[in-house]
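Student: Please take a close look at the pockets here. I would like to see the helix packing around them as well.

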Amino acid sequence: MTAAAARANAREDSIRAVLMNGAFLRLWVVQALTQIAQNMINFALLLRVREVVETHNMTQGNTAISLVILAFSLPAVLFGPLAGVVADRSNMRLLMAILNVGRAIAVLMFLLIRPEWHPESILLAYYMVTFLFGIAGQFFAPVLGATIPLIVPRHQLVSANALFNLTFTAAQLVGFAAAGPVFVKIFGIDNLFIGTVVLYLGCAALVMTIPATPARAVKVQSGGLAQMVLNDIKEGLIYILRDPQLM
């Protein structure tokens, strides 16, 4: 390969070239906005739980805050393997839209939790809704990642995946350490929730503009759908265990 050809291939595989793909650009915008929103909500939840603890002079304040962290982290442990299987078997575009609507509904549920309730009831409600919100987020990421090869040419996959990984890390910093604190200080926690509801619904509409991603035809095994899912999870775990680099 000549030097000119190598430079041409590098330009075609650059992040700038990937962003020229309109479908990928919309998917990337959805990723960035929803992940920033998710981290803003996680930040706001920590503040809201702390408010409950301080308002009611609860003695187990550190435990209460730790439990909300557990509530939005636990879905990754419980549903991580299942999320990958669902991503492979689903109409990804439709599922991403449904998950964004689901997250919008979960955030609306935060607004229904009233400060006049018994403090333990308030905290329990926050933990339960946070857990549901986390489940939707846990399923969203693998589905979004599995969509990339369907809308990006093979020679651009490295740049596309690199941009998604970079955005994932940047969204944590922007959402949790910058946008979340600033938005809460200026507008308040309830308005942050309202703003993210609008954002999730907008992303649900935006994701429906990418090319269709029909579900892959699946032949249900003799044990039924549940057995098929379990077999897929087992196959994935065995593959990881047998690969030293993955381990």
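Tutor: Start with the lining of the second largest pocket: seven of its residues are nonpolar, two are polar and four are charged. This is a predicted model. The volume of this second largest pocket is about 220 Å³. Its lining has 13 residues. Nearest the centre of the second largest pocket lie Arg-48, Glu-51, Arg-114, Pro-115 and Tyr-126. Three elements give two or more residues to this lining: H3, helix H5 (92-112) and H6. The most comes from H3, with four residues.

Two of those helices, H3 and H5, also pack against each other. Their axes come within 12 Å and cross at roughly 20 degrees. An angle under 35 degrees counts as roughly parallel, so H3 is roughly parallel to H5. The crossing of H3 past H5 is left-handed. On the H3 side, the contact is made by Leu-27, Val-30, Thr-34, Gln-38, Ile-41 and Leu-45. H5 brings Met-96, Asn-100, Arg-103, Val-107 and Phe-110. By class, this H3–H5 contact has seven nonpolar, three polar and one charged residues.

Gln-38 leads on to the largest pocket. Gln-38 belongs to the H3 side of the contact with H5, and Gln-38 is also among the residues nearest the centre of the largest pocket. The others named there are Asn-42, Gly-137, Phe-168 and Gln-172. This largest pocket has a volume of about 440 Å³, and 20 residues line it. Two or more lining residues come from each of helix H3 (22-55), helix H4 (61-89), helix H6 (119-151) and helix H7 (157-187). Here H6 gives the most, with seven residues. The lining of the largest pocket divides into ten nonpolar, nine polar and one charged.

Now follow H7 away from the pocket lining. H7 packs with helix H8 (residues 189-207) at an angle of about 120 degrees, and their axes are 7 Å apart. That angle makes H7 oblique to H8. The H7–H8 crossing is right-handed. From H7, the contact uses Gly-180, Phe-183, Val-184 and Phe-187. From H8 come Ile-189, Asn-191 and Leu-192. Five residues of this contact are nonpolar, two are polar and none is charged.

To put the pockets side by side: H3 and H6 each give two or more residues to the lining of the largest pocket, and they do so for the second largest pocket as well. The top contributor is H6 for the largest pocket and H3 for the second largest.

How values were computed
Residues numbered from 1 in each chain as written. Predicted model: local features only at pLDDT ≥ 70, side-chain atom pairs only at ≥ 80, totals over all residues. Heavy atoms only, no water. 1 Å grid on protein atoms, 1.4 Å probe; cavity = no way out; pocket = protein on both sides within 12 Å on 5 of 7 lines; lining within 4 Å. Points joined across faces, edges and corners; volume = space filled by probe spheres on them. Nonpolar A, V, L, I, M, F, W, Y, C, P; charged D, E, K, R; others polar. Axes fitted to C-alpha atoms, helices over the stretch in contact; angles between N-to-C directions. Parallel < 35°, antiparallel > 145°, perpendicular 65-115°, else oblique. Left-handed = near helix turned anticlockwise from the far one by under 90°. Contact = heavy atoms within 4.5 Å.
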